[in-house]
Amino acid sequence: PAANSAKGGAAGGVREKDKATGRGEGSGYWVSRSAMFKRNVTVSGSHQLSGKDGKKLRKELEDAFPVLDKHALKSVLPSKTEVLVSKMSNKCFVYSCLGQPIFFEHEGTLYPTVYTLWKFPRLLPALQTHSEVSPAIVARGADLMLPGVIVPQEGLGVFEEGDRMAIGIPENPQPFAVGCAQTGSEQIKETGLKGRGVKLLHHYPDALWAMGDKSAPNAGFKPSRIFPATEAAVGSDGAGEAVAADVEGLDISDEKPEACGEAKTAGASMDELVDSCFLRALHLRVKDADLPMDCGAFYSGCMLPCRPKGTEIDIKQSTYKKVSKLMKKMEKRGLVACKQTKKEDKLVKVNRDHEVYKLFERELEAEAEAEAG
C-alpha cells in the first residue's frame, strides 16, 4: 500500500471566505478549497491488494492506531478478505473491505473513515462543537475553528499540531468528521480558543461516505445537521436507510452552499425548528432592556412569531418536551442565563458574544441580502 506514515502532517491549502457568511480568518469558519471528498471527486482506478501488501497494511494500521489490536482490527479488516484500494481524483487512496470504505490515505498518512469511527468512537482524539455549528461542516465542508469548540470539564486532552482528530457534538456519542489538528493543546492553553482548530478531510455525508452503504450510526445524523442522539435513536433499526433516502440530491460542495433560509424550513425536524426560532427570537425580539423576561412569555411572544411560514412549533414533539427544559439546555450551552423568581423561570441574560449567536447573526445577514437581491 502507499501509506507509510503513522502521524499526520499539518495540512496547508489555500482558503477563501465562507460564501454563506462572508467571514474571514479569526472570525469562525472557513470553507477550504482543498476539501478532500466533494461531490465531484471520482475513482480514477482500483485494484485488489496482494496478500503481501494486505499484511503490510494491517501492520501499518496497528502501528498508527494502538487502540486497534489484532482482534479489533479483524472486525473491520477480516483476515483473508479481499482489500480494494481505489485511487481518487483528489490524489487520495481509499481502502475498502466487503464494499465498505474503512481507511483512506492523504499525503502518506492513514485516516479512518466515519464508518470505522462509528465502530471505534475513541479511535482518535476528538474536539466537540455545538449542534448548531455542525451544518457548517456537514453541509458546507467548513473547517472547525477554535471559537466553535466546546471545552469539557476534563479539558481538551493532549494532542499536537498535525495529529489526526475527530469532530463530534457532546450530545451524540458518534463522531461525524475526520481531519488533522491545526493547533496543539499546549498552544491552546497559552493563547485560548483562537484561530484554527481542525483541518477538515472527510465528513458525513461526503463522497467518501457515499462510497459505502450510506448508513448512519443513529437518528441524530441528518444531511443538514448533527442532532443529539436520544436513547430511542441510538442503534435504531432503519436509521441508515432513512438517512440514505434523505441525502439523495443533496449538494454538499462548497461551490453552491445551501441557502440559510432553506436549511431552516425544508424538511426541518421539530428540534431544528425550535432551535432556529430560539436564536431568531434572541436576535429579533429580545433587547437587553426587556430583561428579565418570563420564559413562558419569551416562548409565546418571541419564539412562536419567529417560526417560518407554513410551519408549526409544538415543543412537546421535540426532544425538549417542555419550555423549561429548552431554557435549561440553552443555559447549559452558555447562550442564555435564567433565574427562578417566585417560582417563575425568568430569562435574565443573552450571551451575544457566544459563537453560535454570532454565527446565526451572519446567517440572518445573508438572508437579508438574499431577499434584497
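## Packing of H8 against H9

Helices H8 and H9 are roughly perpendicular to each other, a description that rests on a packing angle of about 90°, within the 65 to 115 degrees that count as roughly perpendicular. The model is a predicted one, and in it H8 covers residues 270-284 while H9 covers residues 295-303, with the two axes 10 Å apart. Both values are given here because two packed helices are described by the angle between their axes and the distance between the axes.

On the H8 side, the residues that meet H9 are Val274, Cys277, Phe278, Ala281 and Leu282, and their counterparts in H9 are Phe298, Cys302 and Met303. The residues of this contact divide into eight nonpolar, no polar and no charged.

## Asp275 within H8

Asp275 is also found in helix H8, and at 3% relative accessibility this residue counts as buried, because the cut-off for burial is under 20%. Not counting residues up to four places away in sequence, Asp275 touches Glu132, Arg225, Tyr320, Met330 and Arg333.

A further relation links this position to H9: Asp275 and Met303 are 28 residues apart in sequence, and their C-alpha atoms lie 9.5 Å apart in space. Met303 itself is one of the H9 residues that take part in the contact with H8.

## Cysteines

The count of disulfides in the model comes to zero. Cys306 is in no disulfide, and the nearest cysteine sulfur to its own, that of Cys277, is 6.4 Å away, whereas a disulfide would need the sulfur atoms within 2.5 Å. Cys277 has already appeared among the H8 residues that meet H9.

With regard to solvent, Cys306 counts as buried at 8% relative accessibility, and Cys180 likewise counts as buried, at 1%.

## Backbone features in loops

Most residues other than glycine have a negative phi, and most peptide bonds are trans. Against that background, four places in the backbone can be described individually.

Two of them are cis peptide bonds that lead into prolines. The bond that joins Tyr204 and Pro205 is cis, with omega at about -5°, and Pro205 is found in the loop between strand E13 (196-203) and strand E14 (221-222). The bond from Leu291 to Pro292 is also cis, with omega near 0°, and Pro292 is found in the loop between H8 and strand E16 (293-294).

The other two are residues other than glycine with a positive phi. Leu98, whose phi is near 55°, lies in the loop between strand E5 (93-97) and strand E6 (100-106), and with a relative accessible area of 72% this leucine is exposed. Glu107, for which phi is likewise near 55°, is found in the loop between E6 and strand E7 (109-112), and at 61% relative accessibility this glutamate counts as exposed.

## The protein as a whole

The protein has 11 helices and 18 strands, and buried residues make up 53% of its 373 residues. Among contacts between residues at least 6 apart in sequence, 67% join residues that are at least 24 apart. The protein exposes about 17500 Å², of which carbon and sulfur atoms supply 50%.

Technical notes. Residues numbered from 1 in each chain as written. Predicted model: local features only at pLDDT ≥ 70, side-chain atom pairs only at ≥ 80, totals over all residues. Heavy atoms only, no water. Helix = DSSP H or I, 4+ residues; strand = E, 2+ residues; numbered from the N terminus. Buried < 20%, exposed > 50% of the residue type's maximum accessible area, 1.4 Å probe, protein only. Contact = heavy atoms within 4.5 Å. Areas by Shrake-Rupley, 256 points an atom, 1.4 Å probe, with all protein chains shown as cover. Axes fitted to C-alpha atoms, helices over the stretch in contact; angles between N-to-C directions. Parallel < 35°, antiparallel > 145°, perpendicular 65-115°, else oblique. Nonpolar A, V, L, I, M, F, W, Y, C, P; charged D, E, K, R; others polar.
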